[in-house]
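Biologist: I'd like us to look closely at one part of this protein, please. Here is the model I have in mind.

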Amino acid sequence: MAWAGDAAHLVEYVVHHEDVRRAGPDPAEPRVLPTDLVLAVWERLVPLARMAYRSSPVGVVLAVPGGPRRVVRRGADAVVVLGDPVELALHALGREEVAEVDVLGRDEVVDRFLASRS
């Protein structure tokens with residue numbers, strides 16, 4: 001992903017750091033990051049999430065509770081992946097098991113989305 005430069009690297013570093021923190025028999029809890037870092041992750045996450053969810057059979061909207069929302073995959077049926085930016089990054093980059101997100105939508109649409117992620 002060298003073509004993405006620093007934008008991808010920030011998200012990748014944050015995700016890898018969380019991989020280490022949450023691995024093992026006694027995983028660490030999600031941490032509170034400085035606001036400027038969370039905003040930087042959010043800004044850089046959207047283009048990466050478009051790639052990460054490109055094969056989703058349904059539309060995908062990323063949403064921060066009480067904050068911004070972005071459509072990252074259009075579709076007639078869609079899910080909303082709701083969480084803090086770091087948790088959304090974890091989910092988008094394949095760490096569904098540890099990402100603290102809610103996937104919202106009609107049951108059958110959520111099921112199709114989740115099946116495509118496994």
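Biologist: Which residues line the largest pocket?

Modeller: Happy to go through it. This is a predicted model, so local features need pLDDT of at least 70 and side-chain atom pairs count only at pLDDT 80 or more, while totals for chains, interfaces and linings use all residues. Residues are numbered from 1 along each chain as its sequence is written, and side-chain values use heavy atoms, with hydrogens and water left out.

The lining is made up of E18, R22, P30, R31, V32, L33, V38, D84, P85, V86, E87 and E100. A pocket here is an open set of points on a 1 Å grid over the protein atoms alone, where a 1.4 Å probe fits and protein lies on both sides within 12 Å along at least five of seven lines; lining residues have an atom within 4 Å of a point. The space inside is about 190 Å³, counted as what probe spheres set on the points fill, with points joined across faces, edges and corners.

By class, the lining holds 6 nonpolar and 6 charged residues, and no polar ones. Nonpolar covers Ala, Val, Leu, Ile, Met, Phe, Trp, Tyr, Cys and Pro, charged covers Asp, Glu, Lys and Arg, and the others, Gly among them, are polar. Helices α1 (5–22) and α3 (85–92) each supply at least two lining residues, and α3 gives the most, with 3. Helices (H or I, at least four residues) and strands (E, at least two) are DSSP runs, numbered from the N terminus.

Helix α3 also takes us to the largest nonpolar core, which has 28 residues, L45, Y53, V60, L62, V79, V81 and L88 having the most contacts inside it. Such a core is a set of buried Ala, Val, Leu, Ile, Met, Phe, Trp, Tyr and Cys residues joined through side-chain atoms within 4.5 Å. Elements giving two or more residues to this core are α1, α2 (35–52), β1, β3, α3 and α4 (107–117), with the largest share, 6 residues, from α2.

H91 lies in α3 too. H91 counts as buried because its relative accessibility is 3%, where buried means under 20% relative accessible area, exposed over 50% and partly exposed in between (1.4 Å probe, protein chains only). Leaving out residues up to four places away in sequence, H91 touches Y53, V81, E96, A99, V101, V103, F113 and R117; contact means heavy atoms within 4.5 Å. On the same basis, the partners of Y53 include V60, L62, L88 and H91.
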